[in-house]
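Trainee: I should like to learn how to read individual features in a structural model. Could we begin with the terms and then turn to the case at hand?

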Amino acid sequence: MERKFWCNNEKMHENRIGAHAYFIPFASEKEAQRAIAENKPQTVSSRYKTLSGKWKFIWADMPEHLPDDFSSEKPDLKKWVDMPVPSCWQLQGDYDVPTYSNVRYMFTIDPPFVPDENPTGAYTREFDFERKENELYTLRFEGVASAFKVWINGTQVGASKGPHLPSEFDITERLVSGKNRITVMVVKFSDGSYLEDQDMWRLSGIFRDVMIITRPKSYVFDVAITADVELESQKGAVKVCADIVASADAKVALKLCDGKKAVATMEVAADALKNGIELSVKEVKLWSAEIPRLYTLYVSLFDGDCVAETCAFDVGFRKIAVNDGAFTVNGCAVKLLGANRHDTHPERGYAVTYDDMLRDICLMKQNNMNTVRTSHYPNHPEFLRLCAKIGLYVVDECDIEVHNMILFGENRNFVTDDPIWYITIGDRMERMYERDKNAPCVVMWSLGNESGFGPNFNKAIDYLHEKDTNGRLVHYEGAYDEPVPDVVSLMYPSLERYEQVVTDDDARPFFLCEYSHAMGNSNGDVWQYVELFRKHTRAMGGCIWEWADHGLKKGDRWLYGGDFDDAPHDGKFCIDGLNFPDRTPHSGLAEVKKAYEPIKVVFDDAENGVITVQNLYDFRSLEHISAVYEVTEDGESIFKGKLPKLTALAGESQQIKLDMPKINARIDKVYHLTIYFKTAKAEYAVKKGHDITYAQTELKLERSVPYDIAPTKCAVLGGTDKVITVSGEGFEYTLDKVTGMLSKMEVNGKQLLCEPVSFNLWRAPTDNDKRHASCGKAGQPDFTSQPWRKAGFDNAKSRLVALCAESGGENVLINADYRLGGYSVYPCCDVHVRYDFDGEGAVQIKIDVKRLNGESVTMPRFGVQLVLPKNMDKVTWVGKGPCENYPDKSHAARFGKFTSTVDGLFEHYIKPQENGSRAGCKKLVLTDRLGNGVAVTGDGFSFNAAYYTAEDLDVAHNDKDLIKRNNVYLNIDYKHHGVGSGSCGPDTPKQFAFNEMEFSYGFKLSPIK
């Protein structure tokens, strides 16, 4: 029985044209120049006809259930519906459902076979075409998932597999002048699906553009460009090899231009380009991600005296090498500071537009990134063109992942060991390489992701080494223990493990292809990894997982795995980005931006204004940067100045003396010097005045101005057999004698506490807290032990042990002892609280805590919670901000005075979790619109305020499930456990774990009248 095309791993295509470089041909050099000027090659080229747009579509649960006439020249279209191309059919109506899986296949593991029930879509459309006898016509698909067949006017012209790679077919003999019909049958599952087990939504359809390319009888089939440079002399050489279909006397004109200026030209016989022709250039301008200088190479084919066609290519002169274990670009050791990126959109799935790609690249540049890994397949070809133009290094990854198999398969290395599967691997590797070989931004090839290792990958490495003449390195994380890749790679090692391996005796650079998993409230460890990148020669850098959440939009919700009743699914694990699906940044992106900063400041003598500015750029001076500085008192500006012109060259430093004010420093105030670095002029990805980074230090000044001392009034101790009261002019506090907790805070007859004050040891688990708080992967003790819940932190209540109240002059002192614990467990801590009430209505609260359940169990947090009226929503604080921050996630936050609302403090993670903390605080004020409220003062406390309890966040499936309560829940905390990035990877670093056995903190609570 003959195997179906989509179940035959020995047959990758039918009638597909061979792989070649990506380019759009033009009718003339002038047309090509206009396309470059307008940055629109597809719309300007007269040789390009798009077939994207509105098609007719019909869906079936298996190929055999499509209408019998679906591929005919005149199908009955009564039951067909409109379908946009590009698109994914699961997002366009009731055709199958989106399924999110990180690891698991959607079908029985029986390679190369897939289920008979194989969702299938048929697409068709008519188009007008003028066919000429002296022209050739190529039908090109940029991306179709997973396998497809195509018909022109009722005749099958080809078939292909490999969703994220182009497929081309010669349709010259099938087109007619006038009306033509194209029909495409797409199956969801194919033998190729075994290699498409990436962490992403499983979607189907024609998701990239479809076009017809018109070619003359003489045409350029392929061009390979090698741009080399002699770094000492800056002399460049461009080697051009071409596969040209033309008569024996055809000629080719080569022109290399810097902008509009030609810097090298040559006219040669077309045959001469088979073995390559070299163009020499004096004093070339080098390409790098920091300074993406591009030349344009025009390849014009002449058949006789007329131009048959012109092709235009971006050329970037850059030299990639490994020197003494360091990854170098143009002779300079470069650190790759990047993120992993899927081609993904919350409403269109895989179908991304030019504007989507441009937005992502500009946002990456604005956040100090210089690298992107195309996880886990080649991204849209236009993405590479934009990366070259705007400036990003690209790790170009092949469309290969068999994650399910290597974890659970009986034959976990079937893809890497079985020679038959090299047909698929080799096909995908060749098509990736050929498509992207001329892209200046590609600095490294990646074989794929999480697919084991064996002879087939050895063969693929040999292929890339043999073919690539641009010096690019070959990467594959699965070959960590193998000597064949050009770099060593790991995913998510701990800091200790990473420093161990990056300092071993291997001579290759070390690349973290994935690290600092950005799921939810995360990235608390990123700055520590970057410090190691900069510290160690072999540390090549890395890419954070990942750029954006993959939530799909439905109504006002972002949905994740299981929300479409999809099965099997991996839940919220696709909500793991630095940005929301619409590219609104998470706070983690701010932390990454700060860690990736290209400028650092050493405060040599800050009090006298002596600083050193360090240029961390690899190739740029600081002349494109302007800087201002500010001196603040308790976060409020008291002096501003401008730095002199920054001139430090790449990798160098510049010492600067600032003009500092004379400050009569108050004893009760803190003073900071902050320097802000901005772009001095607009560039492609950033506007003038764009914030690059900042540096801040506290000024150590002699204090000479004393506290303001308010007139003292007396606090009066009173009460009943059930309560203790403390009162004074315009206020009264009530403390319950049974619980020992403050139950009322009345000011001018208005009650400020809606519930008694309580201790709070719990936070709604972040995605990274699952190690400590909730269920995870079976068989992994860190996940199943759930120590936080086992310790009872999620339901800890206090029991009053002792209570004593006394008047002390003008003040009232109350001492209380409590024991805290959850149900069905032993107590977790003893707490002593000293309340010191003054006659102004303020209470100084001093809390001493002694843990009882051992330092091996960390705590989520420790603090007290006040429940305030809902209208007390105006927030001002003096502390770290403006973004949320935690012990290990605080580098993006600076000390200052900030204002917000309770809503504005809240980070709406798609899966609700702990958020919104602001740490290092000296003062906090919450008021209503009339200015009535409470103030909290202290020394370094943290707080968050929200209309939701931790329990609300804990149980909510989606942010849109949250219902605002009629109160504000204010937490005043001693400390939080760090957030880390442990949802995939190592636990929070030990220095940020909350495991202190004894600690104390305090704050002053005051009414605002």
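Mentor: A residue is called buried when its relative accessible area is under 20%, and exposed when that area is over 50%. Please bear in mind that this is a predicted model. Tyr1001, with a relative accessible area of 8%, is therefore buried.

Trainee: With which ring does Tyr1001 form a tilted aromatic pair?

Mentor: Tyr1001 pairs with Phe1003, at 6.0 Å centre to centre and 45 degrees between the planes. Phe1003 has 1% relative accessibility and counts as buried. Both rings belong to one aromatic cluster, together with Phe759, Tyr818, Phe862, Tyr974, Phe994 and Phe999.

Trainee: How many aromatic pairs does the structure hold?

Mentor: There are 50 aromatic pairs. One of them is stacked: Phe453 and Tyr476, 6.2 Å centre to centre, with 25 degrees between the planes. Phe453 lies in the loop between strand S29 and helix H8, and Tyr476 in the loop between strands S30 and S31, so the pair ties together parts that are 23 residues apart in sequence. Phe453 is buried at 14% relative accessibility, and Tyr476 is buried at 1%.

Trainee: Which charged residues sit over aromatic rings?

Mentor: The charged end of Lys161 is placed over the ring of Phe5, 4.5 Å from the ring centre. Likewise, the charged end of Lys594 sits over the ring of Tyr694, at 4.9 Å from its centre.

Trainee: How many disulfides are there, and why is Cys257 not in one?

Mentor: A disulfide requires two cysteine sulfur atoms within 2.5 Å. The structure holds zero disulfides. For Cys257, the closest cysteine sulfur is that of Cys311, 15 Å away, which is too far for a bond. Cys984 is in no disulfide either, as the nearest cysteine sulfur, in Cys513, is 11 Å away. Cys257 is buried, at 2% relative accessible area, whereas Cys984 is partly exposed, at 21%.

Trainee: How should strands be read, and in which sense do S51 and S52 pair?

Mentor: In a regular strand, side chains alternate between the two faces of the sheet. Strands S51 (residues 797-808) and S52 (residues 811-821) pair in the antiparallel sense over eleven bridges. Ser798 stands opposite Leu820 in S52. Two residues lie between the strands of this hairpin, where Gly809 takes a positive phi near 70 degrees.

Trainee: In which strand is Gly879 found, and what does it touch?

Mentor: Gly879 is in strand S56, residues 874-881, and is buried, with a relative accessible area of 0%. Beyond its sequence neighbours up to four places away, Gly879 touches several residues, including Arg894, Phe898 and Cys921.

Key
Residues numbered from 1 in each chain as written. Predicted model: local features only at pLDDT ≥ 70, side-chain atom pairs only at ≥ 80, totals over all residues. Heavy atoms only, no water. Buried < 20%, exposed > 50% of the residue type's maximum accessible area, 1.4 Å probe, protein only. Helix = DSSP H or I, 4+ residues; strand = E, 2+ residues; numbered from the N terminus. Contact = heavy atoms within 4.5 Å. Pairing = 2+ DSSP bridges. Phe/Tyr/Trp six-rings, centres within 6.5 Å; stacked < 30°, edge-to-face > 60°. Lys NZ or Arg CZ within 6 Å of the ring centre and 35° of its normal.
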